[in-house]
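I opened this notebook to record what I looked up, beginning with the core and going on to the aromatic rings.

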Amino acid sequence: MIRRPPRSTLDRSSAASDVYKRQPLQSRKIRSIFENFEFIHTVSRYKEIDLISKLKNKREVFLQVNIDNDKNKSGIDPDLIFEYFEYSKDRINLPIGLM
């Protein structure tokens, strides 16, 4: 069962957002996000992995993949997925999935 995180002043557009963070991450807000959400679905940069690795609170993360290679959308290039898994395995818990 998923434990509901504490309430905060972060924008909550739906009940699902109480547990899942789906919007793009902003580096300066990672600490606050990790205090208020159980799962993070939008990890897509090495910098985010580095910042997450410095936090005490470990959360479940998903790597966001840009399967269309659309320049207007964020996410990892599909050809780099294995590199991101290798990079993250020693820094944070392995990502639990792909988004």
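Core. I looked up the largest nonpolar core of this predicted model and found that this core has 15 residues, with F34, I40, V43, I52 and V61 listed as those having the most contacts inside it. I then checked which elements give two or more residues to the core, and these are helix 1 (30-36), strand 2 (39-43), helix 2 (46-53) and strand 3 (60-63). Helix 1 supplies the largest share, 3 residues.

V61. Leaving aside residues up to four places away in sequence, I noted that V61 touches F34, I40, V43 and I52, and also I92, P95, I96 and G97.

Rings. I turned next to the aromatic pairs, of which the structure holds 2. In the stacked pair, Y46 and Y84 lie 4.2 Å centre to centre, with 5° between the planes; Y46 belongs to helix 2 and Y84 to helix 3 (residues 81-89), 38 residues apart. I looked up the exposure of both partners and found Y46 partly exposed, with a relative accessible area of 30%, whereas Y84 is buried at 8%.

Second pair. Y46 also pairs edge-to-face with Y87, at 4.5 Å centre to centre and 65° between the planes. Because Y46 lies in helix 2 and Y87 in helix 3, I note that this pair ties together parts 41 residues apart in sequence. Y87 has 21% relative accessibility and so counts as partly exposed, the lower limit for that class being 20%.

Cluster. Taken together, the ring pairs link Y46, Y84 and Y87 into a cluster. My last entry concerns R91, which lies over the face of Y87 at 3.6 Å from the ring centre.

Definitions and conventions. Residues are numbered from 1 along each chain as its sequence is written. This is a predicted model: local features need pLDDT of at least 70, side-chain atom pairs count only at pLDDT 80 or more; totals for chains, interfaces and linings use all residues. Side-chain values use heavy atoms; hydrogens and water are left out. A nonpolar core is a set of buried Ala, Val, Leu, Ile, Met, Phe, Trp, Tyr and Cys residues joined through side-chain atoms within 4.5 Å. Buried means under 20% relative accessible area, exposed over 50%, partly exposed in between (1.4 Å probe, protein chains only). Helices (H or I, at least four residues) and strands (E, at least two) are DSSP runs, numbered from the N terminus. Contact means heavy atoms within 4.5 Å. Rings of Phe, Tyr and Trp (its six-membered ring) pair if their centres lie within 6.5 Å; planes under 30 degrees apart count as stacked, over 60 as edge-to-face and the rest as tilted. A charge sits over a ring if NZ of Lys or CZ of Arg is within 6 Å of the ring centre and within 35 degrees of the ring normal.
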